[in-house]
Amino acid sequence: MQPAKILEPDTIWPDPAWLDPAWPDPAWEVEAVLAWHDDNAKAAIRSLLDDCKHLRRQLALAQRAMSRGMTRGWTPRYERDAL
């Protein structure tokens with residue numbers, strides 16, 4: 001019988017960019033959304049609300065398709081946790 005293989009930590013993961021709390025910069029994200037919509041704030045808000053609606057529908061579909069055993073008891077929440 002051979003001894004169990006000892007796993008070494010992955011030197012590539014985690015990516016240092018994910019450890020930086022300032023990245024991505026929220027102000028940059030807002031500017032990027034507004035630029036995408038030619039500085040039309042109402043169009044940007046409408047687009048983001050449509051994205052939220054779509055993602056909530058996808059989450060509801062995934063919730064119905066998954067069994068609790070598959071996710072080890074995890075259930076999706078539709079609202080964010082308070083920070």
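What follows walks through a loop, a helix and a pocket in this predicted model.

The loop between helix H2 (26-36) and helix H3 (41-65) is a good place to start, and Asp38 is found there. The backbone at Asp38 takes a phi near 50°, which is a positive value in a residue other than glycine. Asp39 lies in the loop between H2 and H3 as well, and phi of Asp39 is near 60°, again positive in a non-glycine residue. As for solvent, Asp38 has a relative accessible area of 69%, so it counts as exposed, the cut-off being over 50%. Asp39 comes out at 59% and therefore falls in the exposed class too.

Just past these two aspartates the chain enters H3. At the start of this helix, a side-chain oxygen of Asn40 reaches to within 3.2 Å of the backbone nitrogen of Lys42. H3 itself runs for 25 residues. From its first C-alpha to its last, H3 reaches 36 Å, close to the 36 Å expected at 1.5 Å a residue.

Charge pairing comes next. Side chains of opposite charge can pair when their charged atoms come close. A search of the whole structure turns up 1 salt bridge, and the side chains of Asp50 and Arg46 meet in a salt bridge with an N to O distance of 3.1 Å. Both partners sit in helix H3, 4 residues apart, or about one turn of the helix. How accessible is each partner, Asp50 and Arg46? Asp50 has a relative accessible area of 38%, so it is classed as partly exposed, a label for values between 20% and 50%. Arg46, at 44% relative accessibility, counts as partly exposed for the same reason.

That leaves the empty space. Rolling a probe the size of a water molecule over the atoms shows where such space is left. In this model, the largest pocket holds about 230 Å³. Its lining is made up of Cys52, Leu55, Arg56, Leu59, Tyr78, Glu79 and Arg80. Sorted by class, the lining has 4 nonpolar and 3 charged residues, with no polar ones. Cys52, Leu55, Leu59 and Tyr78 make up the nonpolar part of the lining, while Arg56, Glu79 and Arg80 supply the charged part.

Terms used
Residues numbered from 1 in each chain as written. Predicted model: local features only at pLDDT ≥ 70, side-chain atom pairs only at ≥ 80, totals over all residues. Heavy atoms only, no water. Helix = DSSP H or I, 4+ residues; strand = E, 2+ residues; numbered from the N terminus. Buried < 20%, exposed > 50% of the residue type's maximum accessible area, 1.4 Å probe, protein only. Expected span 1.5 Å × (residues − 1). Polar contact = N/O pair within 3.5 Å; in protein donor to acceptor, adjacent residues only side chain to side chain. Salt bridge = Lys/Arg side-chain N within 4 Å of Asp/Glu carboxyl O. 1 Å grid on protein atoms, 1.4 Å probe; cavity = no way out; pocket = protein on both sides within 12 Å on 5 of 7 lines; lining within 4 Å. Points joined across faces, edges and corners; volume = space filled by probe spheres on them.
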